[in-house]
Every structure is written in C-alpha cells, then in structure tokens.
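Here are a few exercises to work through with the model open in your viewer. Try each one before reading its solution.

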Amino acid sequence: MLFAAVSAALAASVAAPAGAQKMLANYMTLTTAAAQAAAQAALARCQKDGYTVAVAVVDRGGQPLVVLRDNLAGTHTTQTAVGKAATAVTFRTDTTEIAAASQAGKVQSGVRQLPSVVAIGGGLVIRAKGSLVGGIGVSGAPLGDVDDVCAKAGIAAINDAIELE
C-alpha cells in the first residue's frame with residue numbers, strides 16, 4: 001500500500017501539467033524514393049542538354065538523401081551539389097537569390113563567409129503543401145542558371161506526387 005501511494009505521488013509530480021507544450025514535432029520531409037526520382041530527372045535533363053553534372057537531394061535538415069554524378073562530371077561537382085542543396089534549405093531560399101543578395105558590398109555579403117555556404121545558382125528548395133521538405137542542388141553546367149533549369153526539372157518530376165500525399 002505504501003508503495004502504491006509513493007508511486008502515485010511520484011507519477012503526479014512528473015506528469016505534464018494541463019495545457020503544457022507538445023514535446024514532439026510532426027513534420028513532412030522527402031522520402032528517399034522521392035529524392036531519387038528528383039535526382040534522376042535533374043540528371044537526365046542536364047544530360048539531354050549536353051551537360052555533365054552532379055545532382056544532390058537533401059532532406060529538410062540539409063542532410064543528403066541521394067547524390068548522383070555523371071561519370072564525366074568534375075570531381076568538385078559532387079560536394080558543390082550537396083552544398084547548393086543544403087544552402088538552399090538552410091536559408092529557405094534558392095541559391096541564385098542568395099548569390100545576388102550576398103555580392104561584395106551588399107549588406108548580406110558576410111553570408112558567403114559562413115561555413116558550408118555555397119552561394120552559386122543551382123540550389124533550390126523543395127516544398128510540398130507550403131512546407132519546406134528538402135532541397136536539390138545541381139553542379140557542373142557552365143552557369144548557375146543552367147544548373148537551375150536542371151534542378152527545376154527534378155522538382156517538376158515529383159511535384160504532383162508530393163503535393164497529393
């Protein structure tokens with residue numbers, strides 16, 4: 001009986017008070033299957049256009065889910081693609097916008113000095129139902145705007161499917 005009373009008192013003292021804040025979050029993020037489909041579509045678009053690139057898709061925390069590299073793409077393209085995708089997710093904006101806003105002499109120029117920031121076009125955020133769910137980065141085409149075209153093709157390949165879930 002004493003054990004039951006002590007147990008009840010202990011349980012009452014550690015129980016969350018009524019109206020307490022939730023302790024777990026529920027959020028959407030890309031699946032590996034969605035990331036792979038997006039990466040394959042982006043790579044195919046660049047290959048169709050004659051570019052040898054690397055493509056990376058990251059989750060909403062900026063961690064790589066899929067990395068694909070054309071066998072002729074430069075060695076720097078893999079890390080750059082991951083960096084572009086992660087930068088887009090971190091700043092919640094496309095890297096072309098970050099590149100423009102962080103030019104020398106602009107207020108945001110210091111952003112370029114932060115670790116792992118890749119302020120070059122080719123990194124896009126991926127959204128579903130208004131929420132950020134991941135990012136895609138493409139590296140290896142001659143200009144960031146061409147990388148953007150390929151990244152957009154990757155997002156287009158999965159957009160309908162992730163909006164309907």
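**Exercise 1.** Which residues does Thr87 touch, not counting residues up to four places away in sequence?

*Solution.* A word on the source: this is a predicted model, where local features need pLDDT of at least 70, side-chain atom pairs count only at pLDDT 80 or more, and totals for chains, interfaces and linings use all residues. Residues are numbered from 1 along each chain as its sequence is written, and side-chain values use heavy atoms, with hydrogens and water left out.

Step 1: find Thr87 in helix α3 (residues 76–91); helices (H or I, at least four residues) and strands (E, at least two) are DSSP runs, numbered from the N terminus.
Step 2: list its contacts (heavy atoms within 4.5 Å): Thr95, Ile98, Ser116, Val117 and Val118.

**Exercise 2.** Is Thr87 buried or exposed?

*Solution.* Buried means under 20% relative accessible area, exposed over 50%, and partly exposed in between (1.4 Å probe, protein chains only). Thr87 has 2% relative accessibility, so it counts as buried.

**Exercise 3.** Find the disulfide (a pair of cysteine sulfur atoms within 2.5 Å), and say where its two cysteines sit.

*Solution.* Step 1: searching the whole structure turns up 1 disulfide.
Step 2: it joins Cys46 to Cys150, with S to S at 2.0 Å.
Step 3: Cys46 belongs to helix α2 (residues 32–48) and Cys150 to helix α5 (residues 144–164), so the pair, 104 residues apart, links distant parts of the chain.
Step 4: check the handedness: with 110 degrees about the S-S bond, the link is right-handed.
Step 5: Cys46 and Cys150 are both buried.

Technical notes
A disulfide is a pair of cysteine sulfur atoms within 2.5 Å.
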